[in-house]
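Reader: I am a first-year student, and I would like to understand one part of this model in detail. Could you please take me through the place where the two chains meet, and then through the parts that surround it?

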Amino acid sequence: MAGETVIKPDLDFIKRIVAAGGDTAKKCYQCDTCSVVCNLSPDNKPFPRKEMIQAQWGLKDVLKSPDIWLCHQCSDCTVYCPRGAKPGEVLAVLRQMAIEHYAFPSLLARLVGDIKFLPLLVLFPVLLLLFVLKALGVLGVRVAEGLTHQGLAIPKGTIIYSKWFPTLAIDAIFLGAAAFAVFVFFQGVKRFWNDINVNPWTVRLKGGIVKNLVAVLTDILAHNRFKKCETTFARSLNHLMVVFGFIFLAVVTGTAFLLEWVFHIESPYNLFSHLWWLKVIALMGTGLLLYGIYQVYLARQANAEKAGPGTYFDWQLIYLVAAVGLTGALSYGLRALLPIPVLAYPVYFLHLVCIFCLFFYAPFTKLAHLVYRTVAMLYARMSDRGF
Amino acid sequence: MAIEERKYAAYLCKGCGIGEAVKFAALTKVTTREGKIPLVKEHDVLCSPAGLEMIKQDIASEGVNCIIIGACSPRVKYEEFDFPGCLVERVNLREFVAWTQEPNHPETQALAEDYLRMAAARIKKGDLPEPFQTECDKTILVIGGGMAGLSAALEAANHGYDVLLVEKEAQIGGFGAKLHKATPSSYPFDKLQNSPVLAKINAVQGNPKIRVWTNSVIETLEGEPGLLDVTIKRNGELETLRVGAVVLATGWKPYDATKLGHLGYGLPNVITNLDMEEMAKKGKIARPSDGRPAKAVAFIQCAGSRDPDHLPYCSDICCAVSLKQALYVRQQDPDAVAMILYKDIRTPGNNELFYKAAQSDPGVMLTKAEVTGVTEAGGKLKISAQDTLLGENVVFEADLVVLATGMVPTTKDDPILNLKYRQGPGLPDLDLFQGFADSNFICFPYETRRTAIYAAGTVHQPMGLAMAEQDGVGAALKAIQALEHIAVGMAVHPRAWDETFPEPFLQRCTQCKRCTEECPFGAIEEDEKGTPFYKINRCRRCGTCMGACPERIVNFKDYSVDIVGSMLKSLEVPTEEDVEDDEEVPLRILGLVCENDAYPALDAAAQHHLRLNPSIRFVPLRCLGSFNLVWVSDAFSRGVDGMILLGCKYGDDYQCHFAKGSELCAYRLTKLSETLDKLGLEADRVQQMQVAISEFDTLPQILDDFVARVKEIGPNPFKGM
């Protein structure tokens, strides 16, 4: 018969879904309530009903589905599911596995997804940064060699973090980490784009990429999809705050980079200097980020009963973002507001570790949704899926 | 115990609104003068201790023994108005008059008076029943030693009845004893267990009240309930015993898989669910062709079931069985997968919990699918399917295919009972239920049209072990009930209080055989000359024979063609002389209503205080099957303008408590129009309507429409002649 698909169940794949927190997938009995209650699902071949049975049968192609990314995990489906199959949670697990599938090296993604390896993952930036410090000669355990400061000694005088960790070294490390992330994302997106373009419901893509991308980004920035969630409606605002927190901080970082290397104005930039506006944006960004992530945390706790408790993969990113924000705020506070050098420098070190994790592991953590969801939404828009 | 010296009395109740609706002085006058009832008394609340005491006093002091109670429906307060040794006639003044008519209207008064006239006519001709009693052997014969039969045998034995359990095979236990594992029967219903039949077998074998005969089949069954002579062929030898009642629990056989070539049956690695069970019981699930392990097993559900070309029905257990067998596959090999391709998963009752549990196994996969073909290629089976949840046209690859074939009742093409009844050796309704010995499940489960023979288990309906166990209990209790009723000369369902029975005046019989043909229960046999005779213990007292008989020779003590005819003739039919010149002569219409559904529906309408048309006088019939055509001429010669018959629904989905009564009545009415034509009367004056007990709200409209139609035709031209 023409056009038949051979179904090849993969038991190992199902077991991995179950292990990653998608144990409820098997409970689905395909009543399709989920697709009916979902406000985001397209009318034509809606999700998540079909993804649920693909997960149950261990059909790996589900990872190539752009639809798993159109889901914003409103959890309306989970609330209304008559069998407790939690489609919202299952799709989150599928997204995690898709991130792993498209990431290179995928082994690293596996490590990121497993709490056992968390210490190892944190240890990597710690050692890397310590190694750089040592190479720069600011780290040593021996006192006798006549260095300006000894060992892990705290620099004297006004707290200026670049005294201890030169800006050049930082920028080199973090640009490197970012470049790595971009490279991995690029590889992943390339494969993802190729995969989704052979999906059964492919239509000829309409319109230019740029024009559509602008529309999609506008959609994302306005959180138009998020606002359609019912059960977790509060997330649209919470997530928006986190996103804008990051945007502000990115603006600040970019500006600082320019100031440092183009205008040769050395950091730190203080609230009471002529660059006060930069600091205001930075503080606003940090505030939004911290408040937003705190609200995300509260909302998740409050919704755990209805929407499911979330997986390690979810909480990992929440804690990482919170850690970035907290260490950043503390670094500033302990430097500018209540200078305590002996605390300030170590906290700053932790801040650097957090940011490194955020950048370097981005293609492997839940943060990767930033890229894959954008691509999927672009594809959905261009293939007339109602996005 | 005929009443020697009749002393009549009528007691009229004013309670529940009757007193406000009609004038009692006129009622008393009609009862005394026209009804010829010498003693008529009124009471404010007749069912009160004082009211009842008044009646009892009259019985004791005046010797009253024929009592008319003009009060509420005979369907209520029957214990209060039960006076032993007295003939009691209830007149439904409350429901049929006070609650459904306009108070103090002349037509309302006329209606109440007519009901009293009819009651007086009836009580004159009725008599007290004398129960028909025979010897009654209380042994219960259980045919079939599967779950339902074992359960029925134990239930009957535990109540003290002797049981003869007859099993065709060498061992008792049936299919339930051949299982590898059974689906769970106790909370939390998530684990396979040993078959519950095994414990039942031990219990039956250890019960001294139960005789177990294996390798035995029923050769013949003759006689009547309480006096059934069963001839059993046991190990090739015939033996005849006396039993009282029968539980038929011979179960099912699998649907013939050779008819399922389109699902691959015939290929070496395509097997049935029974083959799978056998293989699992032997200990190894493997491919029959080469003995290699089955890594991927596909179960095709509804194989030949819910399919108009094969079995049109659902066999109830195949879904749970396939889920169970999927777990066999998984438990034997943790790397194997079981794919279940279904139309719908149907796991009724607690099996739903088992479905959930089995589904949670990572290697049990389910999808809806219309399987279009199974082929073998390169050692693998390829199952093509349409309309799956996974896509339009898909192919599944499997090492082994299991066809979930359904149940065919053993009664499908074997009467089993081998009754020596005039109407045939098997149960008459089998063709109505695809071979199952079923009945209207809501109204009368277990009933068959052969009295004291009750069906249980999968011969009754498709069902699993848990339900068969309960079904056996139910059928055993019905058998016990039948025996105890028969022993005291009482009818069984649905007239389970009735001590009357048909008493034909055989000298006038013309041997037309209508009664023997039409009796829904095969209660009438014929002697060698062709004269009918009753096997009373088979009779349910519906009166179908009475309705059928052209010679009108069949009588019950309180119900006969003559009794009903007298009632119809007692009506007061107003003519033009009775009204002023400018007034219309009111219509008089008879409503002959089935006591089982239509009469209660009228009562229900009354309880809702719906208005019923005042021109209609209702006369209860045991069943429309007892409707005799002579009543039509009785009524029309009296001047009645129309006749409406309210009976149960008939046809495939019949609700008739006597299975065939309302249908037979409708058939008789088709013959009526000729008679009416000859009389110059319009056929529309007599109509039969089907009413379910729950349709009381439609009654006012049905009745009004009928009266309007009669009004359109015009008054009966014989009126006043």
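Author:

**Where chain A and chain B meet**

In this predicted model, 19 residues of chain B are in contact with 17 residues of chain A. On the side of chain B that touches chain A, at least two residues each come from strand 15 (337-342), helix 10 (351-359), strand 16 (364-368) and strand 19. Strand 19 of chain B provides the largest share of this side, namely six residues. Sorted by class, the residues of the side of chain B that touches chain A are nine nonpolar, seven polar and three charged.

Strand 19 of chain B deserves particular attention. Strand 19, residues 391-398 of chain B, pairs with strand 1 of chain A, residues 5-7, in the parallel sense and over three bridges. Two residues of chain A may be located along this pairing. Thr5(A) stands opposite Val394(B) in strand 19 of chain B, and Ile7(A) stands opposite Phe396(B) in that strand.

Strand 19 of chain B also has a partner within its own chain. Strand 18 of chain B, residues 380-388, pairs with strand 19 in the antiparallel sense, over seven bridges. The connection between strand 18 and strand 19 of chain B is a hairpin of two residues. Within this pair of strands, Gln386(B) stands opposite Asn393(B), which belongs to strand 19.

Another contributor to the side of chain B that touches chain A is helix 10 of chain B. The buried residues of helix 10 of chain B are Asn351(B), Phe354(B), Tyr355(B), Ala358(B) and Gln359(B). Viewed down the axis of helix 10 of chain B, these buried residues fall within an arc of 130°, and therefore they line one face of the helix. The elements against which the buried residues of helix 10 pack are helix 9 (318-332) and strand 16 of chain B. Strand 16 of chain B thus appears in two settings: it packs with the buried residues of helix 10, and it supplies at least two residues of the side that touches chain A.

The wider setting in chain B may now be considered. The domain assignment of chain B gives domain 1 (1-128), domain 2 (140-251 + 410-487), domain 3 (255-406), domain 4 (506-544) and domain 5 (558-721). Between domain 2 and domain 4 of chain B, eleven residues of domain 2 are in contact with ten residues of domain 4. The side of domain 2 of chain B that touches domain 4 of chain B holds four nonpolar, three polar and four charged residues. Taken over C-alpha atoms, the centres of domain 2 and domain 4 of chain B are separated by 28 Å.

On the other side of the meeting place stands chain A. The secondary structure of chain A comes to 16 helices and one strand. The C-alpha trace of chain A spans about 80 × 40 × 40 Å along its principal axes. The radius of gyration of chain A is 23 Å, which agrees with the value near 21 Å for a compact globule of 387 residues. Of the 387 residues in chain A, 39% are buried. Among contacts in chain A between residues at least 6 apart in sequence, 74% join residues at least 24 apart.

Chain A is itself divided into domain 1 (11-105) and domain 2 (108-382). The C-alpha centres of these two domains of chain A lie 28 Å apart, and 29 residues of domain 1 are in contact with 37 residues of domain 2. Helix 1 (11-22), helix 4 (67-70), helix 5 (76-80) and helix 6 (87-102) of chain A each supply at least two residues of the side of domain 1 that touches domain 2. Helix 6 of chain A gives the most to that side, with ten residues. By class, the side of domain 1 of chain A that touches domain 2 has 15 nonpolar, seven polar and seven charged residues.

A single residue of chain A completes this account. Leu121(A) is placed in helix 8 of chain A, residues 118-135. Leu121(A) counts as partly exposed because it has 18 C-beta neighbours inside 10 Å, while a buried residue would need 20 or more. Not counting residues up to four places away in sequence, Leu121(A) touches Leu111(A), Val112(A) and Tyr361(A).

Notes
Residues are numbered from 1 along each chain as its sequence is written. Chains are lettered from A and ligands numbered from 1 in the order in which they are written. This is a predicted model: local features need pLDDT of at least 70, side-chain atom pairs count only at pLDDT 80 or more; totals for chains, interfaces and linings use all residues. Helices (H or I, at least four residues) and strands (E, at least two) are DSSP runs, numbered from the N terminus. The radius of gyration is taken over C-alpha atoms; the globule rule is 2.2 Å times the number of residues to the power 0.38. A residue is buried if 20 or more other C-beta atoms lie within 10 Å of its own, exposed if 12 or fewer, and partly exposed in between; C-beta atoms are placed from the backbone. Two residues are in contact if their C-beta atoms, placed from the backbone, lie within 7 Å. Two strands pair if DSSP finds at least two bridges between them. Ala, Val, Leu, Ile, Met, Phe, Trp, Tyr, Cys and Pro count as nonpolar, Asp, Glu, Lys and Arg as charged, and the others, Gly among them, as polar. Domain bounds come from an automatic or database domain assignment. The arc is that of the directions from the helix axis to the C-beta atoms.
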